[in-house]
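These are my notebook entries on what I looked up in this structure. I took the cysteines to begin with, then the aromatic rings, and then one helix.

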Amino acid sequence: MFRKLPKIVSSICLLACSYSYADVQQPIRIGVLAFTEPEKVEQRWQPTIDQLALDLQRSFELVALPPSELEHDVSLGKFDFLITNALTAVSYKKDYGTSSILTLIPLNNSNPTEAVGSALITRQGTEISSFNDLRFLNAVSSDPNAFGGFQIYAGEMAQNGLNPFKDFNSLKFAGFPQQKLLQQVLDGTADIAILPTCVLENAVAAGNIPKGSLQVVLTQPNSGFKCQSSSQLYPYYSLSKLGKTDHQLATEVIRSLLSIEPASNAAITGRYQTWSATVNDSEVFKLLKQLQQWPFVTNWTSIFKSALPVGIAIALILLLGFIHHLRVKRLVVLRTRDLQAEIAQHKQTEQALLEQTKQFYRAQRVLLTGEMASGIAHELNQPLAGIRYLTQGCIYRLSDNQSELKEAMTKALQQVDRAQSTIKRFRYFCQQPSVMTLCSLNQILDETLSLMSAEFQRMHLTPVVTTEEIQLTADASLLQQVFVNIIRNALDAMEKCAEPSLAITLKMKHNQVQIDFTDSGSGLSEAALERLFFPFETSKEHGLGLGMIICKRIIEEHHGEIKAMNNIEPQVNAENTQSAGLTISIVLPLKEQTHE
């Protein structure tokens with residue numbers, strides 16, 4: 001055993017050395033925010049990163065990304081440090097728990113808390129003395145996410161009750177470089193440009209813009225700041241570390257950056273004086289809070305991640321900007337096709353249900369018209385038959401010398417025959433022919449329940465359905481008329497019931513199928529129960545009394561039987577019993593019978 005010990009120790013040492021070597025070779029990744037031309041952004045910050053690599057004797061990797069890609073990589077923890085503007089740093093602190101450790105001191109001001117603001121630049125001689133004057137102007141800016149420019153002044157406008165997306169005559173985002181925005185103001189394409197402070201002064205100093213041709217309006221006093229500003233000043237760039245980054249490594253990075261002198265290559269290329277300890281960012285937090293009321297900075301990704309498991313991609317369509325309590329979010333693209341397919345399928349289902357409802361009510365009107373025609377024909381045929389018999393009797397009793405009266409009575413008899421013929425044709429016209437096909441009784445019941453779903457929701461009722469798979473030869477449309485009429489009557493009976501309930505049972509019984517509808521309504525009196533299937537018998541205020549007779553005719557046409565009975569519930573401490581609702585029972589043969 002002791003002979004193997006040296007080999008085991010040497011293996012452990014080799015393994016530890018290999019892990020240590022891999023750890024040393026792992027580069028320290030620093031992400032930089034780049035709105036445009038990431039290559040130039042990397043060139044600006046590369047000397048600073050080289051200084052870090054030299055001081056720490058470690059390998060560093062600099063990655064410049066646009067805002068959306070940078071935030072995505074930050075959410076996945078792909079970086080150790082970040083160089084961003086102050087607003088982005090505060091936003092990441094809120095959403096991803098990053099920590100700001102250093103603040104950049106710019107060239108134009110030695111106070112890091114007052115490093116950048118927004119300037120409203122317009123043509124010389126344009127009179128703008130208040131925020132209300134902005135309502136009539138055509139504005140242009142570089143990017144809606146640009147901190148030193150649009151976002152700072154958006155906060156200023158919000159504090160004064162204005163919305164740049166609504167209260168300018170027009171607002172366009174022209175992108176980068178910012179030099180072309182000044183040119184648009186000069187040539188009259190735009191009335192005013194929203195840009196970071198010092199952009200105009202630097203352009204004039206470089207000879208790109210004629211001196212005195214443009215001006216900064218609505219300026220605010222900022223002592224010690226070399227450029228004109230139309231807004232409050234804020235810190236600019238800051239260095240942040242992610243939560244996973246080692247604190248000892250962060251200390252070494254801070255020590256290295258604080259040692260950078262203004263005359264060094266890193267500071268000259270990076271266009272800054274040096275770095276300082278992190279400053280108070282409470283004003284930036286206030287700005288972020290102000291901007292979160294606007295439809296362009298809401299970070300819905302972090303909101304969804306707090307509610308959904310990690311790794312699920314959320315497909316999102318553009319949120320409605322007029323919902324005041326929601327913050328508008330950036331679009332997510334994963335699973336968008338699935339979401340759109342689901343919405344399309346839902347619309348198709350809704351359209352099919354609407355069409356089915358229209359067909360149902362159309363068929364119901366035809367049935368109702370036919371039943372009314374039958375009832376009217378029955379009621380009119382009896383007095384017409386009496387008139388016919390009386391008229392014929394009168395004709396038989398008239399003498400031959402009463403020819404004129406006999407002729408008039410004969411014409412009256414012809415009009416009676418004409419009326420009976422008209423009633424007969426009207427009755428045949430209103431009758432709906434049955435179309436018998438092999439159909440699924442379960443499907444008919446499911447479609448009926450879908451049709452009545454709105455009524456169920458209104459009464460806070462969920463039917464208890466017990467079924468088995470049954471197919472029979474029948475007219476599906478007519479059976480659905482029966483089911484809807486029975487369910488609607490049950491809902492009407494339970495309108496004032498404290499706890500309504502509806503049970504539907506579909507079961508086989510020998511060579512027949514039985515469908516029971518049991519409700520917990522008020523039931524019927526014995527007299528009403530006996531005349532339930534009589535025409536024009538109803539207890540409803542505006543009812544016609546034809547619903548149940550239609551149901552009976554349809555079931556009989558299918559060679560079935562329908563009956564009704566009160567549910568009898570024992571009454572506590574009493575000899576009598578009381579009704580606990582009504583049960584409508586339908587029995588249908590499974591095989592189609594021959595019509596006689």
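**Entry: disulfide**

I looked up the sulfur atoms in this predicted model and found a disulfide joining Cys-198 to Cys-227, with an S to S distance of 2.0 Å. The count comes to one disulfide. I noted 110 degrees about the S-S bond, and the link of Cys-198 and Cys-227 is right-handed. The pair links distant parts of the chain, 29 residues apart. I placed Cys-198 in the loop between β8 (192-196) and α8 (199-205), and Cys-227 in the loop between β9 (214-217) and β10 (237-241). Both Cys-198 and Cys-227 are buried.

**Entry: two further cysteines**

I then checked accessibility at two other positions. Cys-497 has 26% relative accessibility and therefore counts as partly exposed, since buried would require under 20%. Cys-551, with a relative accessible area of 2%, is buried.

**Entry: aromatic pairs**

How many aromatic pairs does a search of the whole structure find? I recorded 13. One of them is Trp-45 with Tyr-272: the ring centres are 6.0 Å apart and the planes at 20 degrees, so I entered the pair as stacked. Trp-45 lies in helix α2 (residues 38-56) and Tyr-272 in strand β11 (residues 272-277), so this pair links distant parts of the chain, 227 residues apart. I found Trp-45 buried, at a relative accessible area of 1%, and Tyr-272 buried as well, at 0% relative accessibility.

I next took Phe-150 and Phe-173. Their ring centres are 5.0 Å apart and their planes at 85 degrees, so the pair is edge-to-face. This pair also links distant parts of the chain, with Phe-150 in helix α5 (residues 147-159) and Phe-173 in strand β7 (residues 170-173), 23 residues apart. Are the two rings' residues buried or exposed? Phe-150 counts as buried at 1% relative accessibility, whereas Phe-173 is partly exposed, with a relative accessible area of 31%.

**Entry: aromatic cluster**

I looked up which aromatic residues group together. Trp-45, Tyr-236, Tyr-237, Tyr-272 and Trp-275 form one aromatic cluster; the stacked rings of Trp-45 and Tyr-272 are thus entered here again.

**Entry: helix α19**

I listed the buried residues of helix α19 (residues 547-557): Met-548, Ile-549, Ile-550, Cys-551, Ile-554 and Ile-555. Cys-551 is the residue I had entered above at 2%. Just after α19, I noted that His-559 takes a positive phi of about 60 degrees.

Conventions:
Residues are numbered from 1 along each chain as its sequence is written. This is a predicted model: local features need pLDDT of at least 70, side-chain atom pairs count only at pLDDT 80 or more; totals for chains, interfaces and linings use all residues. Side-chain values use heavy atoms; hydrogens and water are left out. Buried means under 20% relative accessible area, exposed over 50%, partly exposed in between (1.4 Å probe, protein chains only). Helices (H or I, at least four residues) and strands (E, at least two) are DSSP runs, numbered from the N terminus. Rings of Phe, Tyr and Trp (its six-membered ring) pair if their centres lie within 6.5 Å; planes under 30 degrees apart count as stacked, over 60 as edge-to-face and the rest as tilted. A disulfide is a pair of cysteine sulfur atoms within 2.5 Å.
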